[in-house]
Amino acid sequence: MKNVITLMAIMLLLPALNPMSMAQLNCDELKKENESLKKALQITTPIKTITSSKIDFNLIKCEGNTKEQTVDVMLTLVNHDANQEFQFEEAKAIDIEANEYKTFNISIGSGSSRNKIYTDTPVKVVIKFTKVLPSVKIFKLIPISYFHDAPGRSVDIEYKDITISWK
């Protein structure tokens, strides 16, 4: 009788010790991790990419703040050349009603408009335009000037027809 009780106790504990139940827990954890990684990829997936001087300028989003009447244009820079100093000169935006907005309020990573960009390492850039009314839905043109390597030589890139997502 004692053996039967011991055998029953072992049979009840076996499912808890079963490697398959542990595998199921690991699988659920992996599914959660995969979902969070998918979301991270969606956040950093570019709307448009421009490559200039071996640097990818990935436009991530253009987001307006209705209370502050500002628009943040968010990019990631990926340098495919050797580490280098990089600096934005200025950025402009022109809406579909021909209003022009100019800014020097640009940050590269934790720096201001000037910072070092490293080989094949993305760095976040935020360009802030002020005094933009929430009625502006599209920037027809966003020309951006920058310097790299050779000082005094400015390079321009342009994004066209960028929709503003107001929050």
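# Notebook: rings, strands and a core

I began with the aromatic rings, and a search of the whole structure turned up six aromatic pairs. A reminder to myself before going on: this is a predicted model.

**Entry 1, the rings around F57.** I took the pair F57 and F86 to start. Their ring centres lie 6.1 Å apart with the planes at 50 degrees, so I noted the pair as tilted. The cut-offs behind that word are under 30 degrees for stacked and over 60 for edge-to-face, with the rest counted as tilted. I then checked where the two residues sit: F57 belongs to strand β2 (residues 55-65) and F86 to strand β4 (residues 84-95), so this pair links parts of the chain 29 residues apart. Both F57 and F86 are buried.

F57 has another ring partner, Y146. Here the centres are 5.1 Å apart and the planes meet at 45 degrees, so this pair is tilted as well. Y146 lies in strand β9 (residues 138-148), and 89 residues separate it from F57 in β2. Y146 is buried, as is F57. Putting the rings together, I wrote down a cluster of F57, F86, F88 and Y146, linked by ring pairs.

**Entry 2, the overall layout.** Next I stepped back to the whole protein. I counted two helices and 11 strands. Along the sequence the order reads α-α-β-β-β-β-β-β-β-β-β-β-β. The protein has 167 residues, and 31% of them count as buried. About 10900 Å² is exposed, with carbon and sulfur atoms supplying 58% of that area. I also looked at contacts between residues at least 6 apart in sequence: 59% of them join residues at least 24 apart.

**Entry 3, the core.** Which residues touch the most other members of the largest nonpolar core? I found F88, F129 and F139, in a core of 32 residues. Strands β2, β3, β4, β6, β8, β9 and β10 (154-163) each supply at least two residues of this core. The background I kept in mind is that nonpolar side chains tend to be buried together in soluble globular proteins.

I listed what F139 touches, leaving out residues up to four places away in sequence. Among its contacts are C62, V71, A93, I94, Y101, F129, V132 and I162. Charged residues are on the list too, including D95, K160 and D161.

**Entry 4, strand β8 and its neighbours.** F129 led me to β8, residues 123-130. Its covered face carries V123, V125, I127 and F129. The uncovered face carries K124, V126, K128 and T130. Side chains in a regular strand alternate between the two faces of the sheet.

I looked for the strands paired with β8. Strand β3 (residues 70-79) runs antiparallel to β8 and is joined to it by eight bridges, with L77 standing opposite V123. Strand β6 (residues 106-108) is also antiparallel to β8, through three bridges, and S107 stands opposite V126.

**Entry 5, D72.** Staying in β3, I stopped at D72. Is D72 buried or exposed? It counts as buried, at 17% relative accessibility, because the cut-off for buried is under 20%. The D72 side chain makes a polar contact of 2.9 Å with the side chain of K128, a residue on the uncovered face of β8. Setting aside neighbours within four places in sequence, D72 is in contact with K61, C62, E63, V126, I127 and K128.

**Entry 6, loops.** I finished with three loop residues. Q69, in the loop between β2 and β3, has a positive phi near 55 degrees and is not a glycine. Q69 is partly exposed, with a relative accessible area of 31%. A98, in the loop between β4 and β5 (100-103), also shows a positive phi, about 75 degrees, without being a glycine. A98 is exposed at 63% relative accessible area.

S112 sits in the loop between β6 and β7 (114-117), and with 47% relative accessibility it counts as partly exposed. Beyond its neighbours within four places in sequence, S112 is in contact with I106 and S107. I also recorded how S112 stands to F88: 24 residues apart in sequence and 9.1 Å apart from C-alpha to C-alpha.

Technical notes
Residues are numbered from 1 along each chain as its sequence is written. This is a predicted model: local features need pLDDT of at least 70, side-chain atom pairs count only at pLDDT 80 or more; totals for chains, interfaces and linings use all residues. Side-chain values use heavy atoms; hydrogens and water are left out. Buried means under 20% relative accessible area, exposed over 50%, partly exposed in between (1.4 Å probe, protein chains only). Helices (H or I, at least four residues) and strands (E, at least two) are DSSP runs, numbered from the N terminus. Two strands pair if DSSP finds at least two bridges between them. Rings of Phe, Tyr and Trp (its six-membered ring) pair if their centres lie within 6.5 Å; planes under 30 degrees apart count as stacked, over 60 as edge-to-face and the rest as tilted. Contact means heavy atoms within 4.5 Å. Accessible areas come from the Shrake-Rupley method with a 1.4 Å probe; for residues, only the protein chains shown count as cover. A nonpolar core is a set of buried Ala, Val, Leu, Ile, Met, Phe, Trp, Tyr and Cys residues joined through side-chain atoms within 4.5 Å. A polar contact is a pair of N or O atoms within 3.5 Å; within protein, one must be able to donate a hydrogen and the other to accept it, and residues adjacent in sequence count only if both atoms are side-chain atoms.
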